[in-house]
Amino acid sequence: HTHLFEVHQVLYTGYQKTVYLVVYEGVRYVLKSDQEEGLRGFKRNTHSGAQSRQSFIMKEWQLAQQFGETNGFAKPVGYCFHSQHTWSLWPYYERGVFPAASSSPKALQRLKMALSLAQMHTCIAHLPTGQYYYIMDNKPKQYVVDRDWNVLLVDFDGLNLLSEGERLWEDRPC
């Protein structure tokens with residue numbers, strides 16, 4: 001599938017997906033793939049199998065579709081779900097991961113980022129379905145900053161939706 005795109009670099013390789021910086025028709029994108037290219041041997045579950053890696057890509061895409069019109073969630077550009085390969089295509093954000101890696105934001109820009117984070121978490125804290133969310137992997141690399149200084153969640157695979165009273169682990173308190 002990467003033959004459709006000009007691959008510039010591998011951004012991340014983990015047990016759930018491989019993430020590439022690609023170019024298509026002169027525009028930069030982020031491609032999340034089920035390929036196991038360059039897997040790091042020390043990462044847990046590195047050989048989780050193609051089916052499992054495909055299900056992670058599909059779950060992340062489905063969550064992005066569910067939250068795509070909500071404040072603070074990046075929306076994928078395209079996808080391919082096939083038995084031989086699965087990938088999703090996402091916008092590339094020039095400012096990089098949160099906090100904006102490419103510059104030192106001014107006070108107004110920092111306020112804009114803080115407000116967008118608050119709006120994002122408020123929107124999904126009050127889901128009309130009565131569910132709430134839990135982000136298992138809540139690190140700066142999960143978020144990007146767009147050109148208007150909005151912070152967006154781009155890594156959905158750590159996002160879990162739970163119903164009231166439901167817990168991720170039976171032996172741990174909420």
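Is strand β2, residues 18–24, mostly covered or mostly open, and how many of its 7 residues are buried? In this predicted model, β2 is mostly covered, with 6 of its 7 residues buried. The briefing below starts from this strand and its partners, then turns to the nonpolar cores, the largest pocket and the confidence of the prediction.

**Strand β2 and its partners**

- On one side of the pairing scheme, strand β1 (residues 6–13) runs antiparallel to β2 over 6 bridges, and the two strands are joined by a hairpin of 4 residues.
- Within the pairing of β1 and β2, T13 has T18 of β2 as its bridge partner.
- Strand β2 also pairs with strand β3 (residues 27–33), again in the antiparallel sense, and this pairing is made over 7 bridges.
- In that second pairing, Y20 stands opposite L31 of β3, while the hairpin of β2 and β3 has 2 residues between the strands and places E25 at a positive phi near 50°.

**Nonpolar cores**

- The largest nonpolar core holds 25 residues, and those with the most contacts inside it are F73, Y143, F156 and L159.
- Helices α1 (50–67) and α2 (107–125), together with strands β6 (132–135), β7 (143–145), β8 (151–153) and β9 (159–162), each supply at least two residues of this core.
- Leaving aside residues up to four places away in sequence, L159 touches K59, L63, F67, F73, Y133, Y134 and I135.
- Another core, of 7 residues, lies apart from the largest one, and its members include Y20, V22, L31 and L89; the residues Y20 and L31, which stand opposite each other in the pairing of β2 with β3, are thus both found in this core.
- As general background, nonpolar side chains in soluble globular proteins tend to be buried together.

**The largest pocket**

- The largest pocket encloses about 430 Å³ of space, and of the 18 residues that line it, the closest to its centre are L11, V19, V97, K141 and V154.
- The elements that give two or more residues to this lining are β1, β3 and β5 (86–91).

**Confidence of the prediction**

- The protein chain has a mean pLDDT of 77, and 75% of its residues reach 70 or more.
- Over residues 39–47 the pLDDT falls below 50, although this stretch has 16 contacts in the model beyond near neighbours in sequence.
- Where pLDDT is low, the predicted coordinates should not be read in detail.

Conventions
Residues are numbered from 1 along each chain as its sequence is written. This is a predicted model: local features need pLDDT of at least 70, side-chain atom pairs count only at pLDDT 80 or more; totals for chains, interfaces and linings use all residues. Side-chain values use heavy atoms; hydrogens and water are left out. A nonpolar core is a set of buried Ala, Val, Leu, Ile, Met, Phe, Trp, Tyr and Cys residues joined through side-chain atoms within 4.5 Å. Buried means under 20% relative accessible area, exposed over 50%, partly exposed in between (1.4 Å probe, protein chains only). Contact means heavy atoms within 4.5 Å. Two strands pair if DSSP finds at least two bridges between them. pLDDT is the predictor's confidence in each residue, from 0 to 100. On a 1 Å grid over the protein atoms alone, a cavity is a set of points where a 1.4 Å probe fits but cannot get out, and a pocket is an open set with protein on both sides within 12 Å along at least five of seven lines; lining residues have an atom within 4 Å of a point. Grid points are joined across faces, edges and corners, and a volume is the space filled by probe spheres set on the points.
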